[in-house]
Amino acid sequence: MFTLKVDNELNLALIEPSFAPKYFDIVSRQRAYLSQWLAWPPHADSEAFFHSFITKSLLDYAEGKSMVCGMIYQGELVGNISFNSINQNLKTAEIGYWLNEDFQGKGIITRCVAKLIDLAFNELGLNKIQISAAVGNQPSRAVCERLGMTLEGIITSSENLNGRIIDHAIYGLIKDNHQ
């Protein structure tokens with residue numbers, strides 16, 4: 001398993017087929033919670049859903065289009081973080097994530113996003129990171145703000161989130177402005 005150490009409690013592991021049962025278990029127990037801000041949980045009705053996601057993610061990784069990792073906290077798979085897209089022409093990447101509700105409030109997302117930003121700027125040669133968060137998703141927006149990202153704007157009617165039309169707050173961080 002390819003892993004990247006975040007700190008003494010956290011590692012990122014490139015997504016692999018063995019994650020499918022654990023992802024399905026988390027989503028089965030927390031479908032309503034995760035569906036507040038993610039469109040896919042209502043459709044994640046089997047381990048096969050996650051096996052398909054993992055297969056596609058690994059193909060996209062091999063082609064340099066994305067990088068999807070499991071977040072491993074104290075040895076336990078607790079969520080997912082990714083460069084949802086990597087655009088080599090623009091030298092940009094968009095980060096997305098979700099976390100098991102039982103592990104909220106431990107700084108896991110902030111630390112993992114910071115690690116991906118460091119990787120993007122210092123190893124992948126990218127110049128900009130972007131995160132798109134639902135306007136009402138204050139925890140995700142707080143992550144962006146804690147990490148010094150700039151609110152670049154609001155895109156109205158940006159997503160149909162399980163029957164609710166929501167706006168997205170777009171945050172960006174340019175390498176030259178990163179400390």
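Here is a chat between a visitor and a guide about a predicted model and the terms used to describe it.

Visitor: What should I know about the model before we start?
Guide: It is a predicted model, so local features need pLDDT of at least 70 and side-chain atom pairs count only at pLDDT 80 or more, while totals for chains, interfaces and linings use all residues. Residues are numbered from 1 along each chain as its sequence is written, and side-chain values use heavy atoms, with hydrogens and water left out.

Visitor: Why is Ser66 called buried?
Guide: Buried means under 20% relative accessible area, exposed means over 50%, and partly exposed is in between, using a 1.4 Å probe and protein chains only. Ser66 has 6% relative accessibility, so it counts as buried. You'll find Ser66 in the loop between H2 and E3.

Visitor: What makes H2 a helix and E3 a strand?
Guide: Those names come from DSSP runs, numbered from the N terminus: a helix is H or I with at least four residues, and a strand is E with at least two. Helix H2 covers 47-62, and strand E3 covers 67-73.

Visitor: Which residues does Ser66 touch?
Guide: Contact means heavy atoms within 4.5 Å. Leaving out residues up to four places away in sequence, Ser66 touches Ser57, Asp60, Tyr61, Phe83, Asn84 and Ile86.

Visitor: Phe83 is on that list. What does Phe83 touch?
Guide: With the same sequence neighbours left out, up to four places away, its contacts include Ser66, Met67, Ile95, Leu116 and Ile129. Phe83 also belongs to the largest nonpolar core, where Ile81, Phe83, Ile95 and Val113 touch the most other members.

Visitor: What makes a set of residues a nonpolar core?
Guide: The members must be buried Ala, Val, Leu, Ile, Met, Phe, Trp, Tyr or Cys, joined through side-chain atoms within 4.5 Å. The largest one here has 37 residues. Strands E2 (10-14), E3, E4, E5, E6 and E8 each give it two or more residues, and so do H3 and H4. H3 has the largest share, with nine residues. Apart from this core lies another, of 16 residues, among them Ala20, Leu38, Ala44 and Ile72. As a general point, nonpolar side chains tend to be buried together in soluble globular proteins.

Visitor: How do you know that Leu38 is buried?
Guide: Its relative accessible area is 17%, so Leu38 falls under the 20% limit. Leu38 sits in the loop between H1 and H2. Setting aside residues up to four places away in sequence, Leu38 touches Tyr97, Trp98, Leu161 and Asn162.

Visitor: Why is Arg29 called partly exposed?
Guide: Arg29 comes out at 44% relative accessibility, so it lands between the 20% and 50% limits. Arg29 is in helix H1. Beyond residues up to four places away in sequence, Arg29 touches Lys22, Asn100 and Asp102.

Visitor: And why do Gln74 and Ser157 count as exposed?
Guide: Gln74 has 56% relative accessibility, over the 50% limit, so it counts as exposed. Ser157 has 55%, so it is exposed by that rule too. Gln74 is in the loop between E3 and E4, and Ser157 lies in strand E7.

Visitor: What is notable about phi in Gln74?
Guide: Gln74 has a positive phi of about 50° although it is not a glycine. Ser157 also has a positive phi, near 45°. Most residues other than glycine have a negative phi.

Visitor: What makes E7 and E8 a pair?
Guide: Two strands pair if DSSP finds at least two bridges between them. E7 (residues 150-161) and E8 have eight bridges, so they pair, in the antiparallel sense. Ile154 has Ala169 in E8 as its bridge partner. The hairpin has two residues between the strands, and Asn162 there takes a positive phi near 55°. E5 and E6, joined by four bridges, run parallel.

Visitor: How do you know that E6 is mostly covered?
Guide: Five of the seven residues in E6 are buried.
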